[in-house]
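Visitor: Please take a close look at a single part of this model, the small open sheet and what adjoins it along the chain. A connected account would be appreciated.

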Amino acid sequence: MAPGAPSSSPSPILAALLFSSLVLSPALAIVVYTDREIYGAVGSQVTLHCSFWSSEWVSDDISFTWRYQPEGGRDAISIFHYAKGQPYIDEVGTFKERIQWVGDPRWKDGSIVIHNLDYSDNGTFTCDVKNPPDIVGKTSQVTLYVFEKVPTRYGVVLGAVIGGILGVVLLLLLLFYLIRYCWLRRQAALQRRLSAMEKGRFHKSSKDSSKRGRQTPVLYAMLDHSRSTKAASEKKSKGLGESRKDKK
């Protein structure tokens with residue numbers, strides 16, 4: 001390089017930004033969800049649910065892969081694959097004629113159904129999802145237990161008991177509010193009836209008082225008339241008595 005020529009090395013700030021964008025910024029990995037455990041009876045069927053979350057839109061190149069590891073086994077084998085919009089059932093293993101695809105990638109669903117369960121189906125099933133360009137992430141596993149008769153799980157019993165208790169409580173609350181509503185309505189009706197009765201008594205008492213007010217002067221007039229009549233009769237009788245004395 002000639003002396004005095006400008007340096008062609010990249011700027012330290014640009015290098016730092018490039019390093020932070022490639023190394024320091026966290027990548028959003030795809031997240032896969034399945035049940036932890038699932039139970040089935042011999043001869044029945046179970047649905048192995050698989051869903052996922054991705055920071056990308058659902059790609060046309062999305063793929064689902066199910067693997068199976070027998071109980072006590074060390075190696076997992078592929079039993080189902082979905083890619084390019086088509087399901088593929090592996091032609092090896094005991095599941096080749098018993099697997100049914102029931103998923104829908106548009107709803108981020110990669111579930112399968114296993115028919116005609118047998119004791120030999122006990123084991124761990126792994127769901128792996130790739131949604132290019134989002135292909136980094138952990139798989140999810142569900143353990144299948146096959147019984148002669150599916151046992152009632154403690155959580156189911158507890159949930160049923162709690163649900164029953166909540167139902168009884170809600171029913172009691174409903175009855176309480178219904179009874180309270182009927183009682184309040186009856187009290188309001190009685191209050192209106194009492195108010196009407198009090199109003200009627202008030203009007204009646206006011207009418208009686210006005211009637212008595214009109215009768216009082218008449219009574220006084222009658223008393224005055226009777227008094228004047230009595231006084232006149234007494235005066236007349238007194239005058240007759242005096243005239244008889246004079247005649248004698």
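Guide: Two strands count as paired if DSSP finds at least two bridges between them. The model is predicted. On that basis, β8 and strand β9 (residues 112-114) pair in the antiparallel sense, over three bridges. Within this pairing, Q100 lies opposite V113 of β9. In general, the strands of a sheet are paired through backbone hydrogen bonds, in either a parallel or an antiparallel manner.

The pair belongs to an open sheet of three strands, ordered β3-β9-β8, with antiparallel pairing. The edges are occupied by β3 (46-48) and β8 (99-101); each has a single partner strand, so one side of each is without a neighbour in the sheet. On average, neighbouring strands of this sheet are turned by 30° against each other, direction ignored.

From β3 the account passes to a disulfide, which joins C50 to C127 with an S to S distance of 1.9 Å. Because a disulfide is counted when two cysteine sulfur atoms are within 2.5 Å, this pair qualifies. By this rule the count comes to one disulfide. The link between C50 and C127 is left-handed, with -75° about the S-S bond. It connects distant parts of the chain, 77 residues apart: C50 is in the loop between β3 and β4 (51-53), whereas C127 is in strand β10 (residues 123-130). C50 and C127 are both buried. By contrast, C182 has a relative accessibility of 44% and therefore counts as partly exposed.

Notes
Residues numbered from 1 in each chain as written. Predicted model: local features only at pLDDT ≥ 70, side-chain atom pairs only at ≥ 80, totals over all residues. Heavy atoms only, no water. Helix = DSSP H or I, 4+ residues; strand = E, 2+ residues; numbered from the N terminus. Axes fitted to C-alpha atoms, helices over the stretch in contact; angles between N-to-C directions. Buried < 20%, exposed > 50% of the residue type's maximum accessible area, 1.4 Å probe, protein only.
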